[in-house]
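Please take a moment to look over the sequence and the fold below, and then follow the explanation step by step.

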Amino acid sequence: VALPGDPQIAEDSPAGAAARKRFAGVFESTGHGHSSLFTENLRLGYCYEPSPICVPDGSAAIDLENPRFVPTARPGTRAPHAWLHDGRSILDLFGDGFVLLRLGDHPPGAEELIAAARERGLPLTVFRLADPKVAALYERPLVLVRPDGHVAWRGNRLPEEALALVDRVRGAAGAADR
């Protein structure tokens, strides 16, 4: 990807190397070169917002100017890491389809969402995790995670229209029978 004003920056050449060096100098001199900001908060704190396949929950936006990465399960963000009692990372649960996390000692039921996912052919696995640290990290007792590991939705209870939620997170909002 070329930067405006310097198309050589992407070239594998001495001119490209010089352009990248100039860019790095400007980046550092403007205070944007703080390594944890660039490598942690921008990379790990990335939030798909706004996104038609994520349902906002009204939580505060991510502060990308903060050099310290603070994990959050806000819809659109990467689901945060936590160690499970069996020694696995919670991230190991994601990747083969959608995952519904039912968190805490007494999480709400999920039957309507499970039925809606089945009706629409949405691959869904449900995990019940009672660990209070995981529940606190995810901040809501129900969290729907996409196959790419980003949070699609979270709530204290299921929405009244489970089919509408399933349609939205699968990119078919408003579709009746896709």
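**From a glycine to the sheet**

Glycine 121, which comes just after helix 3, takes a positive phi of about 75°. This value, like the others given here, belongs to a predicted model, and glycine 121 offers a convenient place from which to look back along the helix that it follows.

Helix 3 is made of residues 111-120, and its buried residues are Leu113, Ala116, Ala117 and Arg120. These four cover an arc of only 100° around the axis, and therefore they lie on the same side of helix 3. The spacing along the sequence helps to explain such a pattern, because an α-helix has 3.6 residues a turn, so that residues three or four places apart point the same way. The face turned away from the buried side of helix 3 carries exposed residues, namely Glu111, Arg118 and Glu119. What do the buried residues of helix 3 pack against? Their partners are strand 1, strand 2 and helix 5, the last of these being residues 162-169.

Two of those partners also belong with helix 3 in a larger arrangement, since strand 1, helix 3 and strand 2 together make a right-handed β-α-β unit. Strand 1 (residues 98-103) and strand 2 run parallel and are joined by 6 bridges, and within this pair phenylalanine 98 stands opposite leucine 124 of strand 2.

The sheet itself can now be followed from strand to strand. Strands of a sheet pair through backbone hydrogen bonds, and they may do so in either a parallel or an antiparallel manner. Here 4 strands form an open sheet in the order 2-1-3-4, and the pairing is mixed. Strand 2 (124-129) and strand 4 (151-155) stand at the edges with a single partner strand each, so one side of each has no neighbour in the sheet. From one strand to the next, the twist averages 15°. While strands 1 and 2 run parallel, strand 3 (residues 142-145) pairs with strand 4 in the antiparallel sense over 4 bridges, and one of the residues involved is valine 145, whose bridge partner in strand 4 is valine 151.

A last stop lies outside the sheet, in the loop between helix 2 (35-44) and strand 1, where threonine 77 is found. Is threonine 77 buried or exposed? Its relative accessibility is 2%, and because residues under 20% are classed as buried, threonine 77 counts as buried. A polar atom of the threonine 77 side chain lies 3.0 Å from the backbone oxygen of threonine 72.

Note on methods
Residues numbered from 1 in each chain as written. Predicted model: local features only at pLDDT ≥ 70, side-chain atom pairs only at ≥ 80, totals over all residues. Heavy atoms only, no water. Pairing = 2+ DSSP bridges. Helix = DSSP H or I, 4+ residues; strand = E, 2+ residues; numbered from the N terminus. Axes fitted to C-alpha atoms, helices over the stretch in contact; angles between N-to-C directions. Right-handed = clockwise from strand over helix to strand, strands pointing away. Buried < 20%, exposed > 50% of the residue type's maximum accessible area, 1.4 Å probe, protein only. Arc of directions from axis to C-beta. Contact = heavy atoms within 4.5 Å. Polar contact = N/O pair within 3.5 Å; in protein donor to acceptor, adjacent residues only side chain to side chain.
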